[in-house]
Amino acid sequence: MRQISGLGSWIWQRISALYLALFLMYFISSFILLDRIDYNRWLEWNTHPVNSILLFIGFIMIMLHAWLGIKDVIMDYVHPVVARAVVLMFFALILIVCLVWASQTLMMAMLK
Amino acid sequence: MRFSIYRYDPEKDSKPYMQELELENTSDDMMLLGALLELKKQDESLSFRRSCQEGVCGSDSMNINGRNGLACITPLSELKEPITLRPLPGLPVVRDLIVDMTQFYQQYRSVKPYLIVHDPEPEVERKQTPEQRDKLDGLYECILCGCCSTSCPSFWWNPDKFLGPAALLQAWRFLADSRDQAEEERLKNLEGPYRLFRCHTIMSCVDVCPKGLNPTSAIGNIKNLMIKRSI
C-alpha cells in the first residue's frame, strides 16, 4: 500500500504521461496522413483492432493520469480528513463514469 | 535608503505590521546585514538573528524583497528600494525577523544526518577514493539556513509531513556516501506519499540557495536510486 502511494504513483504518473504523449502523436498523425476525414473513416480508424486496443489503453491511462494528478493537488491543499475523502471520492466517481462511458462508446462502435 | 520591515512582538502587538525606516550614509560595498545593524542603532527593539556575517553560519536568512536569502552576503547596491524585509515564509514568527525553526530541524533530524556503519570500527580512518569523495561535493556545503525549505510551496502546505529540500539534500548526502551502510533503511524512511514525494519539482529551492546547491537534483537522485532498488 505504501508503495502505491509513494514511488508507485510517481512512476505510474510518468508511464501514463509517456503513453499518452506517444499515443497522441500516433493519433494525430494518422488523421493528418488521411487525405480526407469523414465519419466513416473516423469509425474505421477507431474500430481497427490495433487502434481500438491502443485507444482503450489510452482511456485507462488518461483516467489514471488525471487521478494521480488530482490526488496530488488534493493532498497538498485539502487537509481535513473528511473533506479530503469527499473530494477524492467525487473525482474518483467522475473518472470512473468517464471511463465506463468512453469504453461503452468504443464497444458500441465496434459492434456496429 | 528606504526600508520596509516586518515588525511583530507577540507581547505588545495584536498583529504584525510593516515599519518604514530610513538609513542615511550607506556605502556602495555595504551588505544588507550592515544596514540592519545600523538600523538597530536607531531602533533597539528591531530583532533579527546574525552571527558570522560572512555567509557561513546561516543565521541571518530572511525574505528580502520577496526572495529568501542571507542578509550578510546580499549587497545593498543590488536591492530595489524600498527594501522590504520579512521573516522566512511558512514558519511561526517568534519576533520581527526571527522565526521558530523547530519544524525545519525536526525534518532534518529525521533523515539521520550522520554516517551509519554496521562494520566494526577500523584501526585507521575509513578511507574513500577521490572519486567517492567527489560525490559529496554540492551536498556537504549546506549550512541549514532554511532559505530553500521555506521557499518551497510543498513545505508550506505540509511542513509536518514533507521533509523539505534541505533535509532531502542531506538524505542524499548520506545515501551518496561510500562509507554509509544504511541505504535500505534510509530509503525505507523516505517512502510513502509525503516524506519525499510531495516534491513537485518546483525548483524554488535551487533558485534561492545562497550556497548555489541543488536539492532538486538530489531528490531526483534519490528517486532514481529507489527505482533501481525496486527493480
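Which residue in β4(B) is the bridge partner of Met62(B)? In this predicted model, the bridge partner of Met62(B) is Gly69(B). The sections below start from this pair and move outward to the sheet, the loops and the contact between the chains.

## The β3–β4 hairpin of chain B

Met62(B) and its partner Gly69(B) belong to a pairing of two strands. Strand β3 of chain B covers residues 61–64 and pairs with β4(B) in the antiparallel sense, over four bridges. A second pair in the hairpin is Asn63(B), whose bridge partner in β4(B) is Asn68(B). Strands of a sheet pair through backbone hydrogen bonds, and the pairing is either parallel or antiparallel.

Two residues lie between the strands of this hairpin, and Asn65(B) takes a positive phi near 50° there. Most residues other than glycine have a negative phi.

## The sheet and the helix on it

The hairpin strands are part of an open sheet of five strands in chain B, in the order β2-β1-β5-β3-β4. The pairing in this sheet is mixed. At the edges are β2 (17–22) and β4 (67–70) of chain B, each of which pairs on one side only. On average, neighbouring strands of the sheet are turned by 35° against each other, with direction ignored.

Helix α1 of chain B, residues 32–42, packs on this sheet. The helix touches β1 (2–7), β2, β3 and β5 (83–86) of chain B, and its direction makes about 75° with that of β1(B). Within the helix, the side chains of Glu38(B) and Lys41(B) meet in a salt bridge, with 3.0 Å from N to O. Why are these two residues separated by about one helical turn? Glu38(B) and Lys41(B) are three residues apart in helix α1 of chain B, so about one helical turn separates them.

## Two backbone details in loops

The loop between β4 and β5 of chain B holds Pro82(B). A cis peptide bond joins Glu81(B) to Pro82(B), with omega about -10°. Most peptide bonds are trans.

Another loop of chain B, between α6 (183–190) and α7 (204–208), contains Thr201(B). Phi of Thr201(B) is near 55°, which is a positive value in a residue other than glycine.

## Where chain A meets chain B

How many residues of chain A are in contact with chain B? The contact involves 13 residues of chain A and 13 residues of chain B. Between them the two chains bury about 1,400 Å², and 55% of this area is on carbon and sulfur atoms. Of the area that chain A buries against chain B, 40% is supplied by Leu7(A), Trp10(A) and Asp76(A), more than by any other three residues.

Two salt bridges link chain A and chain B. One salt bridge joins Arg198(B) to Asp72(A), where the closest N and O atoms are 2.6 Å apart. Eight residue pairs between the chains are in polar contact. On the side of chain A that touches chain B, the elements giving two or more residues are α1 (2–33) and α3 (49–77) of chain A. The largest share, seven residues, comes from α1(A). By class, this side of chain A has five nonpolar, four polar and four charged residues. Over all chains, the count of salt bridges comes to 13.

Note on methods. Residues are numbered from 1 along each chain as its sequence is written. Chains are lettered from A and ligands numbered from 1 in the order in which they are written. This is a predicted model: local features need pLDDT of at least 70, side-chain atom pairs count only at pLDDT 80 or more; totals for chains, interfaces and linings use all residues. Side-chain values use heavy atoms; hydrogens and water are left out. Two strands pair if DSSP finds at least two bridges between them. Axes are lines fitted to C-alpha atoms, for helices over the stretch in contact, and angles run from 0 to 180 degrees between N-to-C directions. Contact means heavy atoms within 4.5 Å. Buried area is the accessible area (1.4 Å probe) that two parts lose on being put together, summed over both. A salt bridge is a side-chain nitrogen of Lys or Arg within 4 Å of a carboxyl oxygen of Asp or Glu. A polar contact is a pair of N or O atoms within 3.5 Å; within protein, one must be able to donate a hydrogen and the other to accept it, and residues adjacent in sequence count only if both atoms are side-chain atoms. Ala, Val, Leu, Ile, Met, Phe, Trp, Tyr, Cys and Pro count as nonpolar, Asp, Glu, Lys and Arg as charged, and the others, Gly among them, as polar.
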